[in-house]
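These entries record what I looked up in one structure, point by point. I began with a single residue and worked outward from there.

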Amino acid sequence: MIAVATSQVGYHEGPGNDTIYGAWYGLPGAPWCAMYQTWVAAHAGCAGFIPRFAWTPGGAQWFRDHDRFGHVPQPGALGFLYGAAAGRIHHVFLVTALLPAGYMATVEGNTSLTGSATGDGVYRLR
């Protein structure tokens, strides 16, 4: 998954949230961080381990329901971000490495260089 995810770094959405990930999923123009991660899983041959989801709370709940939701980041795992303003989980990313001082490296879709949960492309972040 990490190799497929990083191969997409630099991809940018078109007008109106238009992405290859939304088109593949069947929800063109929708927020796409989760659709990106499920696209990555499918193209990496990991679709049996990662559910196909577009709504981040639903994806997180799938991991909880299957006793696969943890609290310690690991390379290759999905991470879910809770947004206080949204009052729910509102973003998902792929952990690519653990870094010193408690940081992690990630690859994220529908984000920006500042880590926005509603960005314009696929980025590597820390």
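**Entry 1: Glycine 22**

I listed the contacts of glycine 22 beyond four places in sequence and found Leu27, Pro28 and Met35. I note here that the model is predicted. Glycine 22 belongs to helix H2, which spans residues 20-25. I then asked whether glycine 22 is buried or exposed. Its relative accessibility is 2%, so I entered glycine 22 as buried, the cut-off being under 20%. I also looked up its separation from tryptophan 39: the two are 17 residues apart in sequence, and their C-alpha atoms lie 9.1 Å apart.

**Entry 2: The largest nonpolar core**

Which members of the largest nonpolar core touch the most others? Among its 25 residues, I found these to be Met1, Tyr36, Leu78 and Phe80. At least two core residues come from each of H1 (2-7), H2, H3 (33-43), H4 (56-65), E1 (78-83) and E2 (88-98). H3 gives the largest share, with seven residues.

I followed tyrosine 36 further. Setting aside neighbours within four places in sequence, I recorded its contacts as Ala5, Gln8, Tyr21, Val107, Glu108, Gly109 and Val122.

**Entry 3: Strand E3 and its partners**

I next examined strand E3, residues 104-111. Seven of its eight residues are buried, so the rest of the structure largely encloses this strand. E3 pairs with E2 in the antiparallel sense, over four bridges. Within this pairing I looked up leucine 94, whose bridge partner in E3 is valine 107. The two strands form a hairpin with five residues between them, and in the turn alanine 101 has a positive phi of about 65°.

E3 also pairs with strand E4 (residues 121-125), again antiparallel and over four bridges. For threonine 111, I found the bridge partner in E4 to be glycine 121.

**Entry 4: The two largest pockets**

I entered the volume of the largest pocket as about 360 Å³. Its lining has 17 residues, and those nearest the centre are Gly70, Val72, Ala77, Leu78 and Gly79. E1 and E2 are the elements that supply two or more lining residues. The largest share, three residues, is from E1. By class, I recorded 11 nonpolar, five polar and one charged.

The second largest pocket has a volume of about 200 Å³. Its lining includes Cys33, Trp55, Arg88, His90 and Asn110. I recorded six nonpolar residues, four polar and one charged in this lining.

Terms used:
Residues numbered from 1 in each chain as written. Predicted model: local features only at pLDDT ≥ 70, side-chain atom pairs only at ≥ 80, totals over all residues. Heavy atoms only, no water. Buried < 20%, exposed > 50% of the residue type's maximum accessible area, 1.4 Å probe, protein only. Contact = heavy atoms within 4.5 Å. Core = buried A, V, L, I, M, F, W, Y, C linked by side-chain atoms within 4.5 Å. Pairing = 2+ DSSP bridges. 1 Å grid on protein atoms, 1.4 Å probe; cavity = no way out; pocket = protein on both sides within 12 Å on 5 of 7 lines; lining within 4 Å. Points joined across faces, edges and corners; volume = space filled by probe spheres on them. Nonpolar A, V, L, I, M, F, W, Y, C, P; charged D, E, K, R; others polar.
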